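Let's take a walk through this protein, starting with how its chain comes together and ending in its interior. Have a look at the picture before reading on.

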Amino acid sequence: MARDRAPEPRVDVCIVGAGPAGALVAATLAERGHEVVVLEAGPRFAFEERTNRMERAIRPPYDEGDVWEMGGERDRYTSSGERYYPLNVARVKGVGGSTLHWQAMVMRLHESDFSGAAGTGGDPAWPVDYDDIRGYYADAERELGVAGADDNPFAPPRDEPFPMPAFPPSYSDSLFADACERLGIAMHSVPNARNSEAYDGRSPCVGYGTCQPVCPSGAKYSADVHVDRAVEAGARVIDRVPVQRLLTEDGGERVTAAEYATPDGETYRQEARQFVLAAGGVEIPRLLLLSENDDHPDGLANSSGLVGHYFMEHLFAGAGGTLDRRTRQNHIGFLTSETHQFYDDPGQAVTRADGTEVVPASDDNFAPMKLEFFNYAGPSPVELALNGEEWGDDLLASLREAYGHSIAMGGLVGQRPQKTNRVTLDTSTTDDHGNPVPDIHWSLDARTERTLRRANEIQHAVLSELGVDVGWTVGPEDTGPAYHHMGTTRMGTDPDASVVNPRLRTHDVRNLTVASSSVFVTSGAMNPTLTIAALALKAADYLDADL
């Protein structure tokens, strides 16, 4: 059906992007009485179609992009760095953004992340500290609906319980527990933005197990929850309208309009008093660079020359194999246990109770790391059945042999912020509107590679203690990203060394705010969405005061 995608008269706030940051800002400001318009490049996906999208996720004819309709001219990109960056594997353009297919692990960054002391790598400090957003972390946990327990001895301090009780440890977690106890490694629960009980009008988790890439029940939080709240409060959300550029006046000191294209070929301008960029760590710098003009010849808000620079990721380390007893893998689609024991001190020794040193101590320079205990290791029985050529009893026998004995550990390692890792424009390749596509220059530094090896050493020690026949390891040579785009519009107090200030407003343009992990100064090793949400709520308070 045709939709009216013409702009509103000048509003209080125009938000670009309807992912978690944009949705939270929109709902907060709309509920406080402000006029809000959200411009989203992708479609609004009907909730009722989620079971069909789950089918796409598990059936052989489909690939990752088919589930949430990614790919084609609209989503073109290039990757010219030392390592290829597979951008489209894990991004979604649509109302809800990446939360439509995320794993929903939501940890707070450690206090040491803000001071630059996480790991032993000596990263730069943020211009805010943990206490500056501690209250916003609690607000974000309530807004998203987080199930967790205060059982992590390494977590930063908190003043209130989690909104919901934690999910119980999985069966395979119990197998890891004995081995970790013998090695002096503390396991603890994983905070999850999924309902362990009915919450916020949504049902508890019913165990589909397809959390990535789709939760059919809605028990896992997705940002369309707050988009709906924003609309109920009077906001307008316009979908399928990629913003082409931001227009300025007053010598380039203010944005006057966001120029966007519609599916029927029209181009409109949405005017507003304040603008918020919430389109992620790749599309935000791309839009700023596309918005160059006479007052901003190197791109909007780019007097520092740093828009797009310091692109960071989390790198995966893992190892796994099989046990001679049942592990019940793939019964749960999300993690229930992890350890932050090595986060600030990756070089500490791993020692058995009898004093035997299994992993020697090291005083090398390391990045922060967190380690995870997988309960979805090994092949899925559905995947085995659908891809196999056997039937009946033969298929059942093969499934019994191949399924049920796998076990694994994973982990994330934080990447050092490097100026050479960056998002630029590739003028030789264009999207469906003739705009240069993002080009990602990405490489790994020696510290990251060293920390990945360290993570593998600890993982092998735990698996060996458990008696696992290790069959695979992912380390620095074959690691991949967690698809956590960070750092491309970094926060700081010095306009010559950063893009936004501590209140997330750009130094150069006084009515332009960035709500995204693109403002992160360092990556830490924690999944970034809870910090994105906390910073978005903080930015919304500032905008509310300004308006």
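Keep in mind that what you're looking at is a predicted model. A good place to begin is with who touches whom: among contacts between residues at least 6 apart in sequence, 76% join residues at least 24 apart.

Now for the parts list. You'll find 12 helices and 20 strands in the protein. Its radius of gyration comes to 23 Å, close to the 24 Å that the globule rule gives for 547 residues, so the protein is as compact as a globular protein of that length. If you lay the C-alpha trace along its principal axes, it spans about 70 × 55 × 50 Å.

What about the outside? The protein exposes about 20,900 Å², and carbon and sulfur atoms supply 46% of that. As for charges, there are 48 positive and 83 negative ones, and their mean positions are 2 Å apart.

Heading inward, buried residues make up 58% of the 547 residues. The largest nonpolar core holds 96 residues, and those touching the most other members are Ile 15, Val 36, Leu 39, Trp 126, Leu 144, Leu 246 and Leu 512. Helix 12, running over residues 529-546, gives the most to this core, with 10 residues.

Let's zoom in on Trp 126, one of those well-connected members. Setting aside neighbours within four places in sequence, Trp 126 is in contact with Leu 109, Asp 113, Phe 114, Met 491, Phe 520, Val 521, Thr 522 and Leu 535. Apart from this largest core lies another one, of 37 residues, including Ala 179, Ile 185, Ala 367 and Met 409.

Conventions:
Residues are numbered from 1 along each chain as its sequence is written. This is a predicted model: local features need pLDDT of at least 70, side-chain atom pairs count only at pLDDT 80 or more; totals for chains, interfaces and linings use all residues. Side-chain values use heavy atoms; hydrogens and water are left out. Helices (H or I, at least four residues) and strands (E, at least two) are DSSP runs, numbered from the N terminus. The radius of gyration is taken over C-alpha atoms; the globule rule is 2.2 Å times the number of residues to the power 0.38. Buried means under 20% relative accessible area, exposed over 50%, partly exposed in between (1.4 Å probe, protein chains only). Contact means heavy atoms within 4.5 Å. Accessible areas come from the Shrake-Rupley method with a 1.4 Å probe; for residues, only the protein chains shown count as cover. Lys and Arg count as positive and Asp and Glu as negative; His and the chain ends are not counted. The place of a charge is taken as NZ of Lys, CZ of Arg, CG of Asp or CD of Glu. A nonpolar core is a set of buried Ala, Val, Leu, Ile, Met, Phe, Trp, Tyr and Cys residues joined through side-chain atoms within 4.5 Å.
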